[in-house]
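Open the model in your viewer and keep the selection tool at hand. We will go from stop to stop, picking out residues and strands as we go.

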Amino acid sequence: MDAAPLASWTDGPVKRTLLDFVARVTKEGGPDFVRPAERIATFDNDGTLWCEQPIQVQLFFADDRLKALAAKDPTLKDRQPYKAFLEHDLKTIMSLGKQGAFEIAFATHAGLTEDEFMDAARAWLASARHPKLGRPFTQCVYQPQIELLDHLRANGFKNFIVSGGGIDLMRAFAEEVYGIPPEQVIGSSVKTRFEMRDGRAELFKLSELGTFDDRDVKPQNIGLHIGRRPILAFGNSDGDLSMLRYVKSGSGARLALLLHHDDAQREFAYDREFRLSPLVEALDKAGEYGIEVVSMQRDWNKVFAA
């Protein structure tokens, strides 16, 4: 059992709710006991486990990939929407919407094998830094959430990522950073082609979107890939609302949490105006839907690890 759990969470109602929930579902013989096999927790990634401002990390990665592609094909610099990425034109990128922007991001990976992509992603994550926070992206993860993942794991939970982000980029770091292995990561993906090349079986990435793991698709993919309704879910936007309501609709003890980014001093403050991943309905109707709102400013005494 982890000692002094949730140390970076401010003592208050939200922390007590979390600790009480875990205690109730793990107390054998108690009315809310949940057997370990059913202790499933799902977490969104972008904006829930790590920073997603001013754009999601996936798009920063795609931007660097595009620069390399533009060096080989200079015409990309004059063609939209590639031009917007290469010029860091956030207004145009935002106008694409989340799925549109991510489709462009995924298109930059076409032709790579899964192994080649993993090598490229890990190399990029090892060197790339957040433009404002000035630290590697893998150090832009939220310390309170790392503690929550650890506390859940110590109490027999199986943690999954269910995110709109690219599944392969998340798999490149999730086990090392979050303790979540690749098989417990669900995300957006492109279609692949199986091919034997030089006697080796490979999966090659295509430029065609396979699944965009956002909104209603999240619970659909939970059903497809996990096969159990989670008892805890954590998100930060309307893109997570279907997952949160899916969890709350089950029988027995359930907990759905929504992270509200309201701390401009230590991170960023945003909700409705973030066009790539807005927070509107989930915030306005959290009480009605039985969702616990977590204020970054109020409920976390630390955002990032030192």
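A pocket, as the word is used here, is an open set of grid points with protein on both sides within 12 Å along at least five of seven lines. Keep in mind throughout that this is a predicted model.

**Stop 1: the largest pocket**

Select Ile-167, Arg-171, Gly-187, Ser-189 and His-225; of the 16 residues lining the largest pocket, these are the closest to its centre. The space you are looking into amounts to about 260 Å³. Now colour four elements: α8 (167–171), β3 (185–197), β4 (200–211) and α10 (217–225) each supply at least two residues of this lining. Which of them gives the most? That is β3, with six residues. If you colour the lining of the largest pocket by class, you will find five nonpolar, six polar and five charged residues.

**Stop 2: the second largest pocket**

Next, go to the second largest pocket, which holds about 210 Å³ of space. It also has a lining of 16 residues, and Ile-55, Phe-60, Asp-63, His-88 and Pro-131 are the closest to its centre. Two elements give two or more residues to this lining, α2 (57–72) and α4 (90–95). The largest share, five residues, comes from α2. Colour by class again: the lining of the second largest pocket has eleven nonpolar residues, one polar and four charged.

**Stop 3: the sheet**

Switch to a cartoon view and show the strands. Seven of them form an open sheet of mixed pairing, and you can follow the order β4-β3-β2-β1-β5-β6-β7 across it. Look at the two ends of that order: β4 and β7 (292–295) are the edge strands, and each has a single partner, so one side of each has no neighbour in the sheet. On average, neighbouring strands here are turned by 35° against each other, direction ignored.

Zoom in on β5 (residues 232–235). On one side, β1 (residues 40–43) runs parallel to β5 and is joined to it by three bridges. Strand β6 (residues 255–260) is also parallel to β5, with four bridges between them. Ala-233 is a good residue to select, as it is the bridge partner of Thr-42 and is also paired with Ala-256 in β6. Move on to Phe-234, and you will find its bridge partner in β6, Leu-257.

Are the two faces of β5 covered or open? Both are covered: Leu-232 and Phe-234 are buried on one side, and Ala-233 and Gly-235 are buried on the other.

**Stop 4: helix α5 on the sheet**

Now select helix α5 (residues 97–107) and show its side chains. Its buried residues are Gly-97, Lys-98, Ala-101, Phe-102, Ile-104, Ala-105 and Phe-106. Turn the view until you see α5 against the sheet, where the helix touches β2, β3 and β4. The direction of α5 makes about 90° with that of β2. To see what covers the buried residues of α5, show its surroundings, which include α2, α3 (82–86), α4, β2 (158–166), β3 and β4.

**Stop 5: the closed cavities**

Finally, look for space inside the protein: the structure holds four cavities of 30 Å³ or more. The largest of them contains about 90 Å³ of space. To outline it, select Gln-58, Phe-106, His-109, Phe-117, Gly-166, Ile-167, Asp-168, Leu-169, Ser-188, Ser-189, Val-190 and Lys-205. You have met some of these names before: Phe-106 is one of the buried residues of α5, while Ile-167 and Ser-189 are among the residues closest to the centre of the largest pocket. Both α8 and β3 supply at least two residues of the lining of the largest cavity. By class, that lining divides into five nonpolar, five polar and two charged residues.

The second largest cavity has a volume of about 40 Å³. Of its 13 lining residues, select Asp-44, Asp-46, Lys-98, Asn-236 and Ser-277, the closest to its centre. Lys-98 is another residue from the buried set of α5. Which strand gives the most to this lining? Strand β2 does, with three residues. Colour the lining of the second largest cavity by class as a last step: it has no nonpolar residues, six polar and seven charged.

Notes: Residues are numbered from 1 along each chain as its sequence is written. This is a predicted model: local features need pLDDT of at least 70, side-chain atom pairs count only at pLDDT 80 or more; totals for chains, interfaces and linings use all residues. Side-chain values use heavy atoms; hydrogens and water are left out. On a 1 Å grid over the protein atoms alone, a cavity is a set of points where a 1.4 Å probe fits but cannot get out, and a pocket is an open set with protein on both sides within 12 Å along at least five of seven lines; lining residues have an atom within 4 Å of a point. Grid points are joined across faces, edges and corners, and a volume is the space filled by probe spheres set on the points. Ala, Val, Leu, Ile, Met, Phe, Trp, Tyr, Cys and Pro count as nonpolar, Asp, Glu, Lys and Arg as charged, and the others, Gly among them, as polar. Buried means under 20% relative accessible area, exposed over 50%, partly exposed in between (1.4 Å probe, protein chains only). Contact means heavy atoms within 4.5 Å. Two strands pair if DSSP finds at least two bridges between them. Axes are lines fitted to C-alpha atoms, for helices over the stretch in contact, and angles run from 0 to 180 degrees between N-to-C directions.
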